[in-house]
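Here are a few notes to read alongside the model. They go point by point, so feel free to jump around.

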Amino acid sequence: MNLAINTKNISKSYPGVLANSNVSVQIKKSSIHAIVGENGAGKSTLMKILYGMTKPDQGEIEVFDQPANMSSPKEAINLGIGMVHQHFMLAKNLTVLENIILGIDKPSIKNLGLKKYKKLIEEVMSTYSLDIDLDMFVEDLSVGEKQRVEIIKVLFRGAKILILDEPTAVLVPQEVNELFKNLNNLKQNGVTIIFISHKLDEVLEIADDISVMRTGELIDSVKNENVSKTELAEMMIGKSLPTPPPRSTETKQNKILDIKSITSESVDGRKFFTDVSFSVFESEILGIAGVEGNGQKEVVESIIGIQNIESGEIFFNGENINNKTTRQRLESGISFIPEDRQLQAMIMDMNLTNNVIIGRQNIEKYKSNLATVKIKNAIKESENVISLFDVKTPNTNTLATALSGGNQQKFVVGRELEDNPSLLIASQPTRGIDIGAQSLIWEKLRQSRDNGLAVLLISADLEELIGLSDRIIVFYQGSTVKELSSDDVSPEDLGGYMTGLKK
Amino acid sequence: MKLSLRIASFSAPIIALAISFGLSSLILLFIGKDPIETFQIMFEYGIKGKSIVSIINRSIPLYISAIAVAVGFKMGLFNIGVEGQYLVGSIVAAFIGSQFSIITPLHILFIILIAVACSAMWAAIAGYLKVKKGIHEVISTIMLNYIGTGLISYSLTNVFDEKGSEYELPRTPELPDTGQMPALNNLFGLEDLQDLHGFLFVAIIVGIFYYWLVWKTTLGFDLRITGSNPIAAKFSGINPNRLIVVAMVTSGGFAGLVGLGPLLGYFHRFTIDFPTGLGFAGIAVALLGRNHPFGMGVGALLFAFLERSSQILDLNDVPKEIERMLQAFILLIVVVFYEVIRRFIVKQQIKDASKKVET
């Protein structure tokens with residue numbers, strides 16, 4: 001067969017996460033092959049493997065029908081594989097020409113040979129019908145042009161396979177059209193393109209073949225003609241919803257968190273979110289749905305005081321907490337499970353005893369009158385969390401980094417549910433962990449809700465969101481666009497509101 | 001931690017020391033000297049009574065300087081400015097301390113407080129610049145070292161110089177007897193040797209205080225988690241800006257004590273001979289001792305020992321620069337071995353944890 005890339009049963013795991021599991025994908029020569037999936041589905045890991053940035057634990061890769069065993073991007077480039085990263089790797093104070101030849105020759109005192117290279121690059125550009133002024137400085141280019149420079153750079157190094165990592169994320173619609181035109185040209189000229197994205201409309205517009213990934217596995221590879229957007233969405237997020245037991249308790253009328261038209265802007269004037277209002281009641285799980293980057297992360301961070309708000313008010317238990325510090329908010333009964341446990345929730349090179357204190361350093365339980373840490377209480381509490389949440393660890397003295405992802409997450413959830421908080425903000429509480437840990441965390445969240453806890457749940461996993469939440473609000477472009485009851489909503493409906501198709 | 005892991009982490013400096021001596025031996029052989037004889041001469045000279053007193057005296061400021069640096073290191077802050085901080089604190093304390101006389105304990109306490117306050121304020125400038133203007137502390141503290149040195153040269157000649165002194169070179173007035181720290185010789189029965197600085201006690205207290213501050217208090221906990229993972233620290237409610245200023249001021253406060261061993265115990269005034277370079281040496285000792293109060297104590301003694309014992313080498317026709325090389329070798333190699341050991345421990349823990357999962 002005429003394959004550019006053929007992978008056989010590739011697996012890759014990081015401590016605690018199975019990032020790729022038995023991925024076999026065939027990519028045809030001179031085609032545009034899209035790889036779609038939610039964040040954390042394993043797309044990036046697969047790309048890193050194909051570009052030689054990381055080695056798979058097992059499995060084989062063939063490039064142009066030859067077995068390839070790459071251990072660095074350099075070897076990948078030699079095999080004809082080039083990558084355009086989402087964040088451009090360009091020196092803005094150099095010209096386009098200088099950027100393209102950067103690193104091609106070994107450092108020496110010879111003449112740069114700009115003229116020679118200019119001619120060669122112009123040849124490449126005319127072959128692939130790509131156009132750019134080689135003498136412009138990169139800082140004067142638009143984002144779309146910078147991306148084109150990256151593409152020319154890679155082609156000039158002899159790439160026959162182009163990996164584009166979320167190429168449209170940074171572009172405005174007109175630039176997207178321009179890019180797609182260029183990509184089609186490249187295809188006509190024999191270049192194979194691997195297009196990574198989670199935007200289904202774009203994928204359906206440009207790709208010949210589409211592979212869908214979910215939780216590290218390749219769900220299916222299909223031809224563009226044979227698939228609809230709904231079907232793709234189903235493959236991406238999974239169809240079968242878990243059937244949670246009907247809840248026996250009722251939501252109380254008491255507003256725990258009350259957010260009144262808050263707005264936040266970034267330094268460059270872009271709006272993170274605009275005029276957002278919602279409430280979470282006692283004994284309720286409120287789900288937040290939204291494609292990543294639509295403001296929900298910033299809203300959550302503004303509730304605990306890490307993100308600044310320009311206007312609006314946040315009430316917690318009836319009290320305005322706008323001017324409270326993060327520490328005061330956490331100590332007054334707001335618990336927070338951040339989306340990235342290793343980066344945001346735990347100190348990986350500290351033991352569990354120390355990790356149980358994080359976020360509660362100053363409460364009476366852990367701080368003595370002499371301002372010292374009450375380590376005995378911390379040991380007791382970490383033992384408590386370990387047994388209640390079934391954390392598999394030799395003892396409390398084990399470093400957090402030694403635990404598997406699921407056990408780390410159980411520990412974090414346990415820590416945040418201790419001390420009877422009145423509000424829990426749970427951001428992606430079960431991302432990238434095994435099913436056992438997942439169902440335990442779900443069970444604990446339900447139990448706490450039934451006991452009166454107000455939960456704000458943010459999840460990219462729509463099954464989880466619909467299965468756990470009592471109500472769901474949808475974020476789109478920095479605003480809440482829809483409120484739904486979780487009893488009568490399907491993932492398809494939700495996906496429609498999340499992508500702005502439904503209103 | 002399990003016993004085997006504890007032994008492993010202690011072995012790192014010992015292995016590094018052995019390799020360093022090995023490499024230095026090769027160099028000695030290369031220049032035609034007998035390494036065993038050389039090290040033997042150094043050792044024999046280094047353990048003479050006189051040498052031991054000198055080594056301890058020298059290790060006092062080294063140790064305190066290392067602690068000042070380590071406070072910053074613990075939260076990922078690189079205070080390269082201990083050098084400038086201690087010199088600024090020392091000269092001001094030396095001058096003010098010489099202007100009055102009260103009973104000895106109070107007088108010495110007062111001098112200590114002045115030095116600590118001045119050095120802490122000098123360090124606070126770097127903290128302020130980092131928090132308010134985003135200037136990296138390495139740059140600002142290095143620059144403040146230069147500014148401090150310049151200010152000291154100027155003020156030593158023009159402001160703090162002893163009035164009406166016959167002495168040719170600029171120097172501050174001598175501390176009155178009440179401001180001089182008594183030696184510990186009688187206490188340890190060292191009548192026939194030179195003075196053992198009384199500041200030794202302060203150094204030991206500082207070591208204990210540092211341990212308590214960093215490992216026992218909630219402030220120390222905040223420092224350590226910020227050092228390991230600033231993002232998680234922020235999510236846990238720590239205000240990073242406030243902590244940077246606190247850490248910088250604390251580090252500078254410790255730095256204020258660095259010059260006081262020599263000042264109160266020997267020089268009794270600030271002169272142009274006043275020991276410099278202790279701030280930079282402290283960085284090396286902090287690295288060697290892994291910011292641990294005990295480790296840094298051993299490191300300070302080791303470096304002081306090498307410096308003292310190498311004095312004999314010139315008399316035996318061996319270039320004493322060999323000692324500098326030995327120090328550098330130790331530092332380089334020990335850093336590598338600490339990392340090797342750290343990875344070994346993490347691997348061991350991962351193994352133990354996955355065993356637990358299987359059962």
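1. One term before we start: a residue is called buried if 20 or more other C-beta atoms lie within 10 Å of its own, exposed if 12 or fewer, and partly exposed in between. With that in hand, look at α14(B), which is mostly covered: 12 of its 17 residues are buried. Please also keep in mind that this is a predicted model.

2. Staying with that helix, α14 of chain B runs over residues 293–309. From first C-alpha to last it reaches 24 Å, close to the 24 Å expected at 1.5 Å a residue. Which of its residues are buried? They are B:P293, B:M296, B:G297, B:G299, B:A300, B:L302, B:F303, B:A304, B:F305, B:E307, B:R308 and B:S309. As background, an α-helix has 3.6 residues a turn, so residues three or four places apart point the same way.

3. Just ahead of that helix, have a look at B:R290. It sits in the loop between α13 (278–288) and α14 of chain B. Its phi is positive, near 50°, and B:R290 is not a glycine. Most residues other than glycine have a negative phi. B:R290 counts as partly exposed because 19 other C-beta atoms lie within 10 Å, and the cut-off for buried is 20.

4. Now chain B as a whole. It has 15 helices and 0 strands. Its C-alpha atoms fill a box of roughly 80 × 60 × 40 Å along the principal axes. The radius of gyration is 22 Å, which agrees with the value near 21 Å for a compact globule of 359 residues. Of those 359 residues, 46% count as buried. Looking at contacts in chain B with a separation of 6 or more, 77% are between residues 24 or more positions apart.

5. What does a buried spot in chain B look like? Try B:V258, which belongs to helix α11 (residues 240–258). It counts as buried because it has 33 C-beta neighbours inside 10 Å. Beyond its neighbours within four places in sequence, B:V258 is in contact with B:P61, B:I64, B:S65, B:A68, B:V82, B:Y86, B:L278 and B:G279. B:I36, on the other hand, is 222 residues from B:V258 in sequence and 35 Å from it in space, C-alpha to C-alpha.

6. On to the nonpolar cores. The largest has 166 residues, and those with the most contacts inside it are A:I425, A:L457, B:A66, B:I67, B:I91 and B:V285. Helix α3 (residues 49–74) of chain B gives the most to this core, with 14 residues. Domain 2 and domain 3 of chain A both give residues to this core, so it lies between them. For B:I91, the contacts beyond four places in sequence are B:I152, B:S155, B:L156, B:F160, B:T172 and B:F270. Apart from the largest core lies another, of 59 residues, among them A:V23, A:L46, A:L97 and A:L179.

7. How is chain A divided? It has domain 1 (3–237), domain 2 (254–332 + 456–503) and domain 3 (334–420). The centres of domain 1 and domain 2 of chain A, taken over C-alpha atoms, are 34 Å apart. In the contact between these two, 5 residues of domain 1 meet 7 residues of domain 2. The domain 1 side has 2 nonpolar, 2 polar and 1 charged residues.

8. Where the two chains meet, the contact takes 35 residues from chain A and 24 residues from chain B. On the chain A side, α10 (326–331) and α11 (341–345) each supply at least two residues. That side divides into 19 nonpolar, 12 polar and 4 charged residues.

9. Two last places to check in chain A. Helix α14 (residues 405–417) of chain A is mostly covered, with 13 of its 13 residues buried. Its end C-alpha atoms are 18 Å apart, which agrees with the 18 Å expected. After α14(A) comes A:D419, with a positive phi near 65°. A:S129, in the loop between α4 (114–127) and α5 (143–156) of chain A, has a positive phi of about 50° although it is not a glycine. A:S129 is partly exposed, with 13 other C-beta atoms within 10 Å.

Terms used: Residues numbered from 1 in each chain as written. Chains lettered and ligands numbered in written order. Predicted model: local features only at pLDDT ≥ 70, side-chain atom pairs only at ≥ 80, totals over all residues. Helix = DSSP H or I, 4+ residues; strand = E, 2+ residues; numbered from the N terminus. Nonpolar A, V, L, I, M, F, W, Y, C, P; charged D, E, K, R; others polar. Domains from an automatic or database assignment. Rg over C-alpha atoms; globule rule 2.2 N^0.38 Å. Core = buried A, V, L, I, M, F, W, Y, C linked by C-beta atoms within 7 Å. Expected span 1.5 Å × (residues − 1).
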